Amino acid sequence: MMRFLALLALLLLLATSVVANGYGVSHDDAPAGANGYGGGHDDASPEPSKGGGGGGEEEEGPYQEPAYEKPVEGLDAEYYSKTCPQMEAIVHNAVRKAISHDYTLASSLIRLFFHDFAVEGTDGSVLIDVPGQSEKYAEASRTLRGFDLIEEIKKELEAKCHATVSCADILTAAARDAATAVGVPYWSLKYGRKDGKDSIAAEADRLVPMNGQSVTELIRFFQSKGLTIFDLVVLSGAHTIGRATCGAVRPGMCARRKEGTLDRQYGDFLWRRCGAGGDGEYVELDCETPTRFDNKYYENLLHGKGLLDTDQSLVEDSRTKDLVKMFAKPGASDAFVHLFARSMRKLGEVQVLTGNEGEVRRKCSAVNY
Ligand code: HEM
């Protein structure tokens, strides 16, 4: 217990110093050493630092409250307390029931939420169904799941509280309930997000991080949303559960087998599974404890057993490597899941539409007319 508390305190301190220095500061006006882990890294620059490690000079300057810790105008924990008091219970019961029938939906809902967030913040835009045109039809969305469940929940909420609960709020609550169903600690949510009216497939393909990207590209994406390198490493830990398709895995797997950065036995296993298998075949993202939300994902990376090359590259880059090592430590699981919950809350509060922006859709799959 003491060990866990000490580790959590250390990680929180680290996360706080990262966000305190980094949140919402653009590359242009960020002081050197801001926006990143380790103090001594020049993480304002998206290129890897040469020395790794850390221990450089702290930047002087007034403490800036991280933007996500400031209340987001329009979001409120009591938002539905009068208009739809049963909202959270309806989402929670539906998600728990669905996951009890199909455990794989837990990871799929968490991923659906992340993809929605990736394009203009959490606004339910990924749920809009316009064949060939909306985000749902992007290449990046090809294996997304969970749409039907969100639509079912919406239907129930429309019956009980007509035109009140946004799809963005439903998806945010569903992702939280999916995460808690698999062992992530509960985090409270604020509501009042509105639904976006735009959903463009090409935007999803431009913005959603995909396998094959460099750590620099991933960091740029996270920082463009006001998130930090710490958030990148913590949230990538979502890959401790769930699956990827061979189609997504194969290119990186072949390259890494050649380079020798893939554990040999694991490489052989993947080769058997995906070498000749169809693109749609699934492989677990965490080869050791695929259904447990723990820190094995990070340990796997240290042993060359990351499934996605983007995951594996986190341990090869000086800006992220020390964080991976820290999360991989025995006993770090509890700290990891707490910090994961914290970063998930951030995802749901970035770039959201509130007040008169957007709308409350009647169906999650279509904008109102
Ligand atoms: C950092 C950049 C990221 C990249 C490049 C990435 C990429 C991917 C890829 C390629 C897959 C497999 C897709 C398939 O073949 O079906 C996947 C699955 C998944 N991703 Fe990510 N991801 C990233 C970050 C995240 C984040 C931040 C989260 C959540 C907070 C997340 C949650 C998941 C989950 C839960 C799955 C498994 C989905 C399932 O089992 O249905 N990912 N990701």
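**Close-up views of a predicted model**

**View 1. Helix α2 and its buried face.** In this predicted model, helix α2 covers residues 87-101, and its 15 residues reach 22 Å from the first C-alpha to the last, close to the 21 Å expected at 1.5 Å a residue. The buried residues of α2 are Met87, Ile90, Val91, Val95, Ala98 and Ile99. Seen down the axis of the helix, these buried residues fall within an arc of 145 degrees, so they line one face of α2. On the other side of α2 the exposed residues are Ala89, Lys97, Ser100 and His101. The cover over the buried residues of α2 includes α3, together with α4 (147-160) and α5 (167-181).

**View 2. The shell around the ligand.** The ligand is surrounded by 26 residues, of which the closest are Thr143, Ala238, Gly242, Ala244 and Ala248. Two or more residues of this shell come from each of the elements α3 (104-118), α8 and β1. Helix α3, which also belongs to the cover over the buried residues of α2, gives the most to the shell, with six residues. By residue class, the shell around the ligand divides into twelve nonpolar, eleven polar and three charged residues.

**View 3. Four annotated positions that cluster in space.** The unreviewed UniProt entry places the feature "binding site" at Thr240, Asp286, Thr289 and Asp294. Although these positions are spread over 55 residues of sequence, they cluster in space, and the largest C-alpha distance among them is 9.8 Å. Two of the four, Thr240 and Thr289, are described in the next two views.

**View 4. Thr240 in its loop.** Thr240 lies in the loop that runs between α8 (229-236) and β1 (243-245). Because 29 other C-beta atoms lie within 10 Å, and 20 or more are needed for a residue to count as buried, Thr240 is buried. Once neighbours within four places in sequence are left aside, Thr240 is in contact with Asp286, Phe293, Asp294, Lys296 and Tyr297. Among these contacts, Asp286 and Asp294 are positions that the UniProt record also lists under "binding site".

**View 5. Thr289 in its loop.** Thr289 is found in the loop between β2 (282-284) and α11 (296-302). With 17 other C-beta atoms within 10 Å, Thr289 is partly exposed, whereas Thr240 is buried. When residues up to four places away in sequence are not counted, Thr289 touches Asp294 and Lys296. Both Asp294 and Lys296 are also contacts of Thr240.

**View 6. His239, a separately annotated position.** The unreviewed UniProt entry also places a "binding site" feature at His239. The place of His239 is in the loop between α8 and β1, where Thr240 is found as well. His239 counts as buried because it has 23 C-beta neighbours inside 10 Å. Leaving out residues up to four places away in sequence, His239 touches Leu285, Asp286, Tyr297, Leu308 and Asp311; of these, Asp286 and Tyr297 are also in contact with Thr240.

**View 7. The chain as the setting of the close-ups.** The chain has 14 helices and two strands. Of its 369 residues, 45% are buried. Among contacts between residues at least 6 apart in sequence, 75% join residues at least 24 apart.

Notes:
Residues are numbered from 1 along each chain as its sequence is written. This is a predicted model: local features need pLDDT of at least 70, side-chain atom pairs count only at pLDDT 80 or more; totals for chains, interfaces and linings use all residues. UniProt positions are given in the numbering used here, feature names are shortened, and annotations may be inferred rather than shown by experiment. Helices (H or I, at least four residues) and strands (E, at least two) are DSSP runs, numbered from the N terminus. A residue is buried if 20 or more other C-beta atoms lie within 10 Å of its own, exposed if 12 or fewer, and partly exposed in between; C-beta atoms are placed from the backbone. Two residues are in contact if their C-beta atoms, placed from the backbone, lie within 7 Å. A residue is near a molecule or strand if its C-beta atom, placed from the backbone, lies within 6 Å of it. Ala, Val, Leu, Ile, Met, Phe, Trp, Tyr, Cys and Pro count as nonpolar, Asp, Glu, Lys and Arg as charged, and the others, Gly among them, as polar. The expected span of a helix is 1.5 Å times one less than its number of residues. The arc is that of the directions from the helix axis to the C-beta atoms.
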